[in-house]
Amino acid sequence: MKEKKEINIQIGEQVRRAREQARLTQEQLAECIEVSPQYISDLERGVVGISLPTLKRLCTNLCISSDQILFGERPVNDSHALLEKCRLLPEKQFAILSDIINKFIEAMNIK
């Protein structure tokens, strides 16, 4: 069995925290970032490290900074900018949902 590196253990713990904050299962996160659920399990336990492309997909899908994963920090963000930046749904589903919400607001005459 491979010896775990301390950096992988620390990053794995941050990945687990970020996943739990996003209320995702390992399987759901794996699907979002196009890896296997086993990889997420291994990553969170510090058995494997994370590649830069995977780190980028993880941060993009969880709407977090790489600092949160690498250093355990969560930067303060403007909530409106964060909502614009974060799209946890695929683009097509996000567009459909946005259209539904906009039509609902129009129907309710909410300005």
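**Close-up views of a predicted model**

**View 1. R45 pairs with D42.** At 38% relative accessibility, R45 is partly exposed. The model shown here is predicted. The side chain of R45 meets that of D42 in a salt bridge, with 2.3 Å from N to O. How accessible is D42, the partner residue? D42 has 16% relative accessibility, so it counts as buried. The cut-off for buried is under 20%. This view therefore joins a partly exposed R45 to a buried D42. Side chains of opposite charge can pair when their charged atoms come close.

**View 2. E20 and R16 form a salt bridge within helix α1.** The closest N and O atoms of E20 and R16 are 3.1 Å apart. Both residues lie in helix α1. They are four residues apart, about one turn of the helix. Are these two residues buried or partly exposed? E20 is partly exposed, at 42% relative accessibility. R16 is also partly exposed, with a relative accessible area of 29%.

**View 3. D99 and K103 form a salt bridge in helix α7.** The closest N and O atoms of this pair, D99 and K103, are 3.6 Å apart. Helix α7 covers residues 91-107. D99 and K103 are four residues apart in this helix, so about one helical turn separates them. D99 counts as partly exposed, at 39% relative accessibility. How many salt bridges does a search of the whole structure find? It finds four. Among them are D99 with K103, E20 with R16, and R45 with D42.

**View 4. The largest nonpolar core has 17 residues.** Which residues have the most contacts inside this core? They are V15, L29, I50, L58, L62 and I69. Several helices contribute to the core. Those giving two or more residues are α1 (6-21), α2 (26-33), α3 (37-44) and α4 (52-62). The largest share comes from α4, which gives four residues.

**View 5. Two cysteines, C32 and C59, differ in exposure.** C32 is partly exposed, with a relative accessible area of 30%. C59 is at 9% relative accessibility, so it counts as buried. How many disulfides does a search of the whole structure find? The search finds zero. A disulfide is a covalent bond between the sulfur atoms of two cysteines. With zero disulfides found, no pair of cysteine sulfur atoms in the model lies within 2.5 Å.

Methods:
Residues numbered from 1 in each chain as written. Predicted model: local features only at pLDDT ≥ 70, side-chain atom pairs only at ≥ 80, totals over all residues. Heavy atoms only, no water. Buried < 20%, exposed > 50% of the residue type's maximum accessible area, 1.4 Å probe, protein only. Core = buried A, V, L, I, M, F, W, Y, C linked by side-chain atoms within 4.5 Å.
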